[in-house]
Amino acid sequence: MASASLRQRLSPVSRRTTWATSSVDEPWVLEAQLISRLDLPLNLDQNRHNAFHSHLKELRAQARRRARELPISA
């Protein structure tokens, strides 16, 4: 767990985020299990069963197209 002084410096999102570590030989297996059991609407990989999947996929495609049209600034 982060120290109190570190938690104070973190953004509000970071303070609400929990990281878990595990010594698993095949973490991709655990990842697939978690994605299939949890509602993770922003994770498109292995998550086609989520009702938001197709909508988010289209939104991301639109954002990529729009970004490609924008000039690159220095």
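Q: A salt bridge is a side-chain nitrogen of Lys or Arg within 4 Å of a carboxyl oxygen of Asp or Glu. In this predicted model, what makes the pairing of Glu69 with Arg66 a salt bridge?

A: The closest N and O atoms of Glu69 and Arg66 are 3.8 Å apart. The cut-off is 4 Å, so the pair counts as a salt bridge. Side chains of opposite charge can pair when their charged atoms come close.

Q: Where do Glu69 and Arg66 lie?

A: Both belong to helix 4, with their positions 3 residues apart, about one turn of the helix. An α-helix has 3.6 residues a turn, so residues three or four places apart point the same way.

Q: Why is Glu69 called exposed or buried?

A: Its relative accessible area is 58%. Exposed means over 50%, so Glu69 is exposed. Its partner Arg66, at 47%, is partly exposed, because that value falls between the 20% and 50% limits.

Q: How many salt bridges are there by this rule?

A: The count comes to 2. Besides the one already met, Glu58 and Arg65 join through their side chains, at 3.1 Å from N to O. Glu58 is partly exposed at 37% relative accessible area, and Arg65 is partly exposed at 42%.

Q: How do you know which side of helix 4 is the buried one?

A: Start with the buried residues of this helix: His53, Leu56 and Ala61. They cover an arc of only 140 degrees around the axis, so they sit on the same side of helix 4. The face turned away from that buried side carries the exposed residues Ser54 and Glu69.

Q: How does the reach of helix 4 compare with what is expected?

A: Helix 4 runs over residues 53-69, which is 17 residues, and it spans 25 Å from its first C-alpha to its last. That is close to the 24 Å expected at 1.5 Å a residue.

Q: Why does Asn50 count as buried, and what is it in contact with?

A: Asn50 has 11% relative accessibility, and buried means under 20%, so the label fits. It lies in the loop between helix 3 and helix 4. Leaving aside neighbours within four places in sequence, Asn50 is in contact with Asp39, Leu40 and Pro41.

Q: What makes Leu34 fit into a surface patch?

A: Leu34 has a relative accessible area of 42%, and patch residues need over 30%, so it passes that cut-off. Together with Val24, Leu30 and Leu38, Leu34 forms a nonpolar patch with about 300 Å² of accessible area. Leu34 is found in helix 3.

Note on methods
Residues are numbered from 1 along each chain as its sequence is written. This is a predicted model: local features need pLDDT of at least 70, side-chain atom pairs count only at pLDDT 80 or more; totals for chains, interfaces and linings use all residues. Side-chain values use heavy atoms; hydrogens and water are left out. Helices (H or I, at least four residues) and strands (E, at least two) are DSSP runs, numbered from the N terminus. The expected span of a helix is 1.5 Å times one less than its number of residues. Buried means under 20% relative accessible area, exposed over 50%, partly exposed in between (1.4 Å probe, protein chains only). The arc is that of the directions from the helix axis to the C-beta atoms. Patches are made of residues with over 30% relative accessible area and no salt bridge: like charges are joined within 9 Å, nonpolar side chains (Val, Leu, Ile, Met, Phe, Trp, Tyr) within 5 Å. Accessible areas come from the Shrake-Rupley method with a 1.4 Å probe; for residues, only the protein chains shown count as cover. Contact means heavy atoms within 4.5 Å.
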